[in-house]
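Please walk me through the contacts between side chains in this structure, beginning with the rings and then turning to the charges.

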Amino acid sequence: MQHKIFVGGGLSMAPESLAGIESADNKGYVENGPIVAINYVAGLHRYYGAGLTIGHSRNNLNAIAVANSFSSATTVQTEAYTLTFLMADLYGMFPVKQWNFYAKGSLGSMLPDIWEMKITNDVGSGTVKSGKKFVPAYAAALGVNYTFGKVDIGLESNLLASEPEFEMQLNQSVSYRKQWLSAFNHTIKTGFRF
């Protein structure tokens, strides 16, 4: 059985809306941002394996785009939206000489880090906050690794999806809203076999 540890980083391409607030131009207001991840892979067979992934992403929000999505003059103060995820992975692999092509399916949990957005206009004021508990997360990925002895270099693209809950407070009235979020993550990674 082969064991590998990968460390990677790349780009998280974010959803178009957050907490159900759509942008006025439909281009979205969650900006692309960085993602880092650590993967452990156990090669159970030449053609399949299992592993674990822990990752963290950070996406800035365009406050002006959020403000423009409201019909009245609005000011918005917001932080970057960050999340941490932990996944169990199953791999289907197709090795060709020094190349290893693979597909990966993942199931795990996501924790949106503490995040808050404050919205104020002539109608009133309110806040949107991220949930504080883990929620189920799902992912699918395609990737390829190239082997140099005990060192691998690889590329991976994955789709990460989850349904976190947001707390909405407007003029002292509090409600909760769940929203399906998905992000395309593209990473370059280096692995070591032991």
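In this predicted model, Phe166 is buried, with a relative accessible area of 0%, and Tyr81 counts as buried too, at 4% relative accessibility. The rings of Tyr81 and Phe166 form an aromatic pair, with 6.3 Å from centre to centre and 35° between the planes, and this pair is described as tilted. Because Tyr81 belongs to strand E5 (residues 81-96) and Phe166 to strand E11 (residues 165-170), the contact ties together parts of the chain that are 85 residues apart in sequence.

A search of the whole structure finds six aromatic pairs. Another of them joins Tyr146 and Phe148, whose ring centres are 4.8 Å apart and whose planes meet at 70°, an edge-to-face arrangement. Here the surroundings are described in other terms, for Tyr146 is partly exposed, with a relative accessible area of 21%, and Phe148 is partly exposed as well, with a value of 47%. Tyr146 and Phe148 also belong to a cluster in which ring pairs link them with Trp99 and Phe101.

We can now turn to the charged side chains. Five salt bridges are found in a search of the whole structure, and one of them brings together the side chains of Lys4 and Asp152, at 2.6 Å from N to O. Lys4 lies in strand E1 (residues 2-13) and Asp152 in strand E10 (residues 151-162), so this salt bridge ties together parts that are 148 residues apart in sequence. Lys4 is buried, with a relative accessible area of 12%, and Asp152, at 1%, counts as buried.

Strand E10 also holds Glu156, which is paired with Lys189 in strand E13 (residues 181-193), 33 residues away. In this salt bridge the closest N and O atoms of Glu156 and Lys189 are 3.3 Å apart, and both residues are buried. Salt bridges that share partners join Glu156 and Lys189 with Lys104 into one network. Lys189 has a ring contact as well, since its charged end sits over the ring of Phe6, 4.5 Å from the ring centre.

A further salt bridge is formed by the side chains of Lys129 and Glu116, with a distance of 3.8 Å from N to O. Lys129 lies in strand E8 (residues 124-130) and Glu116 in strand E7 (residues 116-121), so the parts that this pair ties together are 13 residues apart in sequence. Lys129 is partly exposed, with a relative accessible area of 28%, and Glu116 also counts as partly exposed, at 25%.

Methods:
Residues numbered from 1 in each chain as written. Predicted model: local features only at pLDDT ≥ 70, side-chain atom pairs only at ≥ 80, totals over all residues. Heavy atoms only, no water. Salt bridge = Lys/Arg side-chain N within 4 Å of Asp/Glu carboxyl O. Helix = DSSP H or I, 4+ residues; strand = E, 2+ residues; numbered from the N terminus. Buried < 20%, exposed > 50% of the residue type's maximum accessible area, 1.4 Å probe, protein only. Phe/Tyr/Trp six-rings, centres within 6.5 Å; stacked < 30°, edge-to-face > 60°. Lys NZ or Arg CZ within 6 Å of the ring centre and 35° of its normal.
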